[in-house]
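Biologist: Hi! Could you walk me through this model?

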Amino acid sequence: MSAYVPLWVKSNHSFLEGASFPEELVERANALGLSSIAITDRDGVYGLVRAHMRAKDLGIRIVTGAQLSIDVEGRAHHVIALAKTRRGYADLCRALSLGHARCEKGISLVELADLQEAQDLFFLCPTPEPLRALCSARGPSALFALCTRHLTEHERPREKLLRAAARELGIHVVGANEVLYHDKARRSLQDILACIRAGKALSEAGRMTRPNAEHYLKSFDEVSHLFADDPECLRRTLDIAEQCSFNLDDIRYRYPEEHLPSGRTEQGWLRELTFRGALERYRGKVPTDVRAQIERELQIIRELDYGGYFLTMYEIVQYCRQNGILCQGRGSAANSAVCFCLGITSIDPVRMDLLFERFLSVERAEPPDIDLDIEHERREEVIQHVYEKYGRRYAAMVANIIRYRIRSAVRDVGKALGLSRTDLETATRLLRHRDDVLNPELLQEAGLEKDAPATRHLWSLASQVLDFPRHLSIHPGGFLLGHRPVDEIVPIEPATMEARTVIQWDKYDVDNLALFKVDLLGLGALTCIHRAFDLLEQHKSLSLEIATVPAEDEATYDMVSKGDTVGVFQIESRAQMAMLPRLRPRTFYDLVIEVAIVRPGPIQGDMVHPYLRRRKGEEEILYPHPKLERILRKTLGVPIFQEQVMKLAVEAAGYTPGEADQLRRDMAAWRRSGRIEKHRTRMIPRMIAQGIPEEFADRVFSQIRGFGEYGFPESHAASFALLAYVTAWLRCHHHEAFTCAILNSQPMGFYTPATLVEDAKRHGVEVRPIDINKSRWDCTLEERDASSLAVRMGLRYVKGLGVLERQRIEPGQAPYPNLATFVRQTGLNKKALHALAEAGAFECFGLNRRDAIWQVRGLSRFVRDPLPLEPASSQISFSSLANDDQVIWDYRASDHSTRGHPMRGLRHALEARGIPNATAVHRRAHGEELDYVGMVICRQRPGTASGVTFFTLEDETGFVNVVVWKRVFDRHAIVAKTAALLGVTGEIQKADGVTHLVARSLWMPDVALAEQTSRSRDFH
Amino acid sequence: MKRISCVLLPMLPLQILLRRKPCWQGSPIAIIDDEGPHGRIIHLDVLAKKSRLRIGMRQTVARDLLPTLRTAIVSNEEISEISAELITSLQTFSPRVEAIDHPGAFHVDPEGLRGLYGGYRNWATCIHRYLRARQWRSAVTVGFHRHRALAVAMTHRGVTILESPEEEREQSNETPLRMFGLSGTLCESLRALGIETLGDFLAVPSGELHSRFGVEASALHDAFAEELQLPIQPHAFDEPARISFQIDPPDEDQHRLLFAMKGALHSLLHQVRARGEAIQSLDLSLHLERAPTHREHLEPASPTLDLMLLLELARLRLGETTLRGAVEEVEILATTAHARAEQVSLPGHQPHRDMSAAQRALARIRAAYGERSVTMARIREAHLPEASFRWEPTQHARASERAASSSVSSMIRRVYAKPKPLPPREPNEPEAGPSLSKDHAIEHMYGPYRVSGGWWKRLVERDYYYAETDHGDLLWLFYDRPRKRWFLHGVLD
C-alpha cells in the first residue's frame, strides 16, 4: 500500500506541457508501488481514457480530475479539481465545457459561477491568492491548500502565505508536486515542449521553462523526505484519493432515445420500420432467408439494447432523403439486413452472403459502427441538422488528436534547439511522412554535423516526441450523441471551424469506452451521382435511384474490362485501370474484388497474381488447409478481404474471437507501431503447427500488416463497388450527363477537369466552350440534335470568378445584346471581366479575346455610372489568336479547353520526327523501342512499388502509362519532377492487354509549347 | 544633341552574393526573401533557371527539385550600401551620377568628357574596364534619352555607343517589357494583348493605357515621351568634415598638442556649423614619428558645437594615453548629425536633477576610461542567477524609476561576478556541507533551492543555500553537482 497519491499529474495530453504518455505515468506509478495516481490534464480530460485503460490492465486506480484555470477577481489561477463521484465528474466536464466556450481554441477560463452547482468535487489550490474566494464559493470542506515543493526559491515564502491563509480559513493542507513526466530523463523534452508552446528557442526561453528537473513522478521515499516536516499533508492525499471513487467505467452511456410514435416501444418501432423497408426492398415479398436474418439481427439488437442507435441512423437517412441528399452507409453496417431494410445501406447482405457477426455480436458487445457517406457538398447540412435535433449539449464531434510525426517532430524540436531553419527544411524534405524512426544519417545528409551536440539532441528529442499529441483537431465526421448531455461524459470545446463543437477524446478513446459514434462522411461520388440523376430526369425524363440503376449490364462491364474508367468511382486510378483488363469484371462481385484487390494489403501480401492466375485457370485452386476452404472459396483460395484475414487467424492460428477482435483493432491502429508485430510470433508458429505451409503463413501475415494501413472489409468493398458500378453505368450509357455531373462536383476523384473533358470528347461527347450568353454557373446539357445532348461548360470554370461574381452574374438577363449591357447589368469588376474575356466568354459578341480584353478594361470604368455606358473611346484592333494559342489561353483561363488538345498543335512536328500518338503506342508490339511525347497528367510513386514512379501521359488520342524505375527517375530527376510536357524513350511492355512504356530515359521535348497548359495531379 | 549614358549592373543582388561567396561560382544560385520554409525565390542565376526553377517558387520546393541549389538572402541594406559605393566609384568618371529606380542602374553624364578621354567609346570603355577589374559585370550605353539608354543597356553587354536618337529608338523598342520591373499582373495583362516589347507598348496611346491599366502603365509610357526628359539629378558628394595639420618639429607634449588642436577644431566646427550640423563624434589619428598611427574615438553626450567641451574630452583621453613617439601630423575626422534645437536654446529653468550634467559626466568618464566603461544592468528572464541580468554599455544616464525608498527594509544580495570556489572537503558530497575559512563556521543552512538547465550546451545543476555563519554573516552559496564542489556566489547585507 502506498503512503501517498500524486494528485497533480499532467500527461502529454496537456498539449506541449506534459512530457510523458498517460500510460507511462500509470506504469511508473505502478512500479513505484503507488495504489492510485491522479490524472489532471490542463483544462481537460484529454489523456484520461488512455490512463484509465492502462490502469485497468495494471490494477491501479486513477483519480480523475483536471487542472482548471479559474478566474478569480479578474486573474486566472490554476486549481486542481478532482471528481469524487460520477456527479462530480459530470460537473467537472460541464465546468470545463463552459470554460472553453468562452475562450478561443485551446484555452479555458472557468468562472466561479460555473462551479456554483458543482457537487462532489475536491479543489486543490496551490497559490494563496484565490484561496479566500474559493473558500467562499465552495466552503472549506471541499477545498485544500496544495503545498508544492519543487525546490525553487520562491516556493517557501509562497507556502508560508498559503499555510497562513489556510489556517485562517480552516482549510486543510495537502502536499503534492506538479508532475509533468514519469522520469527525470524527460526533463529536456519538457523544456523543448515548453519552448515549442512559447514559440521560442531554448536560448531565449528564459523563465518559460521550469527551473529544475523536479517535476518527475517521485517515490514515496523521495516525497516523504521533501515533506518530512509535515507528513500529515501527504497522508491526506490518501484520504482524498479514497474519497474520489469515480472511475470512467462508471459512465453508463445510453444512446439517445428517438422520439417514438405513441404506444410504440423502441424495439417495436425498429421492427416495424425494418419490415416496412423490407417489403419495399423486396417488392412486397420478403424472402424467407431474409426474414430469418432480420429476425436474428433484431434479436441481437434487442439483447444489446442498441435499438436507439439504429433508429437514429434511420432518422438521419430519412432527413437526407426528405431533403434530397444522397447518402449511403458503408463499413461493416453493410453486413446488416436491418440496415439494408432501413435504407441505411444499399447492399443486400443476404444475397452477398455477408456475415452479420462482423457488424454486431453478443460476445463482443461493442457498439455498432455505421459510417454514412453523404454528398460532400451537402454534408454540413446534415451535421447542422444533428446539432439542431439533439442540441449542442447532446451532440458533439469526435476529436482528432494531431500527433507528432517525423517531419513535424524534426521541425519543431530543431526550431526549439535553435538550429538553422534552412537545415531543418532540408532535413524534413529528406524524411518521409510515414517514417516512424528518425535515421541519424538523414540528419547528416541534410548538412547537420553528425557529432555536434545540437544534432544529437535533435535526433534524441525528435525521436522521443514522436506520437506526442500536438493539438486537438476535429474528426472528419464522427459524432458522439447521448441520451444525457455529452458534456457530462467529456468536456466539449468549440472547434476552429464555425458552428462546430468537439469533444476532448478521439475515436480510439470513444471506442475504448464503448461509446456510440455516428460517422457522417462526405463523398464526392454521391454528389456526382445525384447530379447525374437530376440531369437525366431533366433532359431525358429518366428517373433513377441507386437501387434502380439496371444491374449487371453487359455494356458497362465491357467498358470497365477495357480499363476505360476515367471518372468512375474507385476504379479510375492508374493502378485500377491496369488491373481491370486483367481481372475483366463480369459481375458485381468481380467489381467488389476489383475494389478490394488494388490495395496495399493484398499487394504487399502478394495475393494479386495468384488470384489473377486462378481466375484465368492458369493455376489450380488450392487451399492450404481444408478448414480454410469455407473462408476462401469466394476468392479462389486467396485472402483478399479483411474479415477473411481475421477468420484465418481464428481457423488457422487458433485465435479466440477475443484475440481476433484484438487483431482487428491492432490492424485499425496501424500507426501505433509494434501492435501488429506482436501477432507475428503468435500467429505464424500456430499456423505451421496446423500444417499450413510456412510460405503461406508468412504471406498471410504480410497481408495483415498491409491491411494495417489500408485494407477493405468485404462489406465496405461492396458498398464502394456499388457506387463504382453506378458511376460506370452512367458513364457508359449517359456519358454527357456523367461528364456534366462530375464537372459540377469538382474537386473530386483522380483526374483534372481537363482530362475529364478530353476523355468525354474522345468518347464522342460534344463539349461546348464557355459563352456568357449560354453558360450558367454550373456546366449544363444542351440539345445537340434531336437525339443527343452536348455539355456546355459553366462559368465556374473561369479562373478568378467566385461566389461574389456568381451572385452578380446569376440574376442577369441573358442573352445580352452586347458587351456594354452585360457589364452594366452585372457590375462585375475589371478583374472578373478580364477573366471572362480571356476565357473567350465574349466571343458571342463577335469579339476576339484580345479585343474583348481591351474593351472590358475600357468599359469597367463606367460600371458605377448611373447613365448607360459610353462606347469605348477608341478601339484598337488586336490580332486574333492562332488555334494553338486559343487552346493555351483556354488552359490558362479555365484549366481546360473544349477547342482542342494542347498536343494537337504539336502533332505535325512530332509525326515528322516519327513520334507516335497514344493510340499508335498501344498498337506497338511487346519489346518494341520508341520515343513518345505526352502531357503529364499524373505522377505516382506508391509505397508498395519499391521506388518505381508511374507516369500517366496524355495526348489527343488517349493515355500512355509510363513506368520509371528509380535509377532512371533519379538520373532525370528535374525533368521528371517538373515537366508538364514529357518525352520518354523506352520499351513497350504488354501483358493481358495492358500496355506500359518502360522508360529508359526522360527528356524535355524541344517542340514549342507554352507551359501554361495543364498541371499534373501528383501523388508522391 | 546632349548625350547621356546608362551604366547597368545586371542582376545586382546576384553579383553581390557572388562577391560575398565566390566559391558558389558555377553552382545554381537563388536569392530568397526569407530563410524559413515559406521563403520564396526572388532572383535566380542562369544555371538555376536552366534547372527549371522559377522566381516566386518556395525555396523548399526549389531545393527539393535541385538539391545542389545554393540559397541566401541579400538584404536591401546591403544593396543600398553597394549602390552607394558604386556611385562613389562612378563619380571618378563624371561628377554627375544619378542612381535610378532600377536595381544596379545609374545614369552618368558624359558631357564634357569626350575630349578628356578621346571619345565617348573610350570613356565608356574605361568605366566598363574599371568595373570589370572589380569583378562587376556591367553594360555601359551612351545614348540620348535617359530611359531609352537604360532600355538598350538591358539587352546589351559591354559598351554600346548609339550614334543617333533613331538608332536608340530602334534598339530600345526591342526590349522586352518584363525587363522594366513592372508588376506581374500588368505584365501578364499586356502580354495577353500581344504587347510584349517596349515598341509594342509605346504604340498604344498613353491615355487609353491609363484608363485601362492604371498609373503604373501610363507612368512608364510617359517616361519615354521625348518632351518629358528630365535632366540628371546628380548624387551629392558626401564628404565628411575633416581637418589635418602638421606638427613641425614633431612633438609629444600633450598641452602643446591640445593647443594645436584647438585651432584646428575651431575651423572644423566652423565648417560643420556651416552645414547646419553638429559634431557627433571625433576620430583622431595621430601619425607618429617612427611608430604606428595612434587612433582615438571621442563621443560627446550629444551632438555638439561646443569647442571647449570637445577639447576637454580630448584632454581627458590624451591624459590617460602614453604615446609611443612624437606626433608629426594630426588628422581629425568628424562624424556629424543635424544640430538639435536644444543646442541653440537659451538657458532657462533647470530641473533639480540635471540630467544633461549627468550625461556630460558620463561622457567624461567614457573619455577617460574608454567607451565601455559606463554600463548599466539589464534584467533578463533566466533561471541561472548570473544569466538573469547583463551589464550593457550605455551612452545616457537615466533617472532611476524607483520613486522613493521603500519603507519595508529588505536585504541586498550582492552577487559575485564569478562564483568563488570554496575549499574542498572530504567526502565532497552536498551532505558534508561547505567549508569556509578557519575563522568562520556555518551555523545554519537554508535550502536547497535547485537550479538546473543548460543541458543543450553545458549542464548546470546547482543546489543553492543561504548560510548563516557564527559571525552573523549571511552567505549565498551553492553546491555544483556536476563539479561536486561548493561555491560562494554572494553575500547578503
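Modeller: Happy to; we can go from the chain contact to a sheet and then the core. It is a predicted model, where local features need pLDDT of at least 70, side-chain atom pairs count only at pLDDT 80 or more, and totals for chains, interfaces and linings use all residues. Residues are numbered from 1 along each chain as its sequence is written, while chains are lettered from A and ligands numbered from 1 in the order in which they are written.

Biologist: How many residues does each chain put into the contact?

Modeller: Chain A gives 35 residues and chain B gives 30 residues, where contact means C-beta atoms, placed from the backbone, within 7 Å.

Biologist: Which helices of chain A supply at least two residues there?

Modeller: Among them are helix H15 (421-430) and helix H36 (849-859) of chain A; helices are DSSP runs of H or I with at least four residues, strands are E runs of at least two, and both are numbered from the N terminus.

Biologist: New topic: what is the strand order in the open sheet of chain B?

Modeller: S5-S6-S1-S7-S8, five strands with mixed pairing; strands pair if DSSP finds at least two bridges between them. The edges are strand S5 (97-99) and strand S8 (158-161) of chain B.

Biologist: And how do S1 and S6 of chain B run, parallel or antiparallel?

Modeller: Antiparallel, with four bridges between them. In that sheet, B:Val7 sits opposite B:Phe106 of S6(B).

Biologist: Last one: what does A:Ala724 touch, beyond its neighbours within four places in sequence?

Modeller: A:Ala724 has contacts with A:Val568, A:Phe569, A:Gln570, A:Ile571, A:Leu591 and A:Val595.

Key. Two residues are in contact if their C-beta atoms, placed from the backbone, lie within 7 Å.
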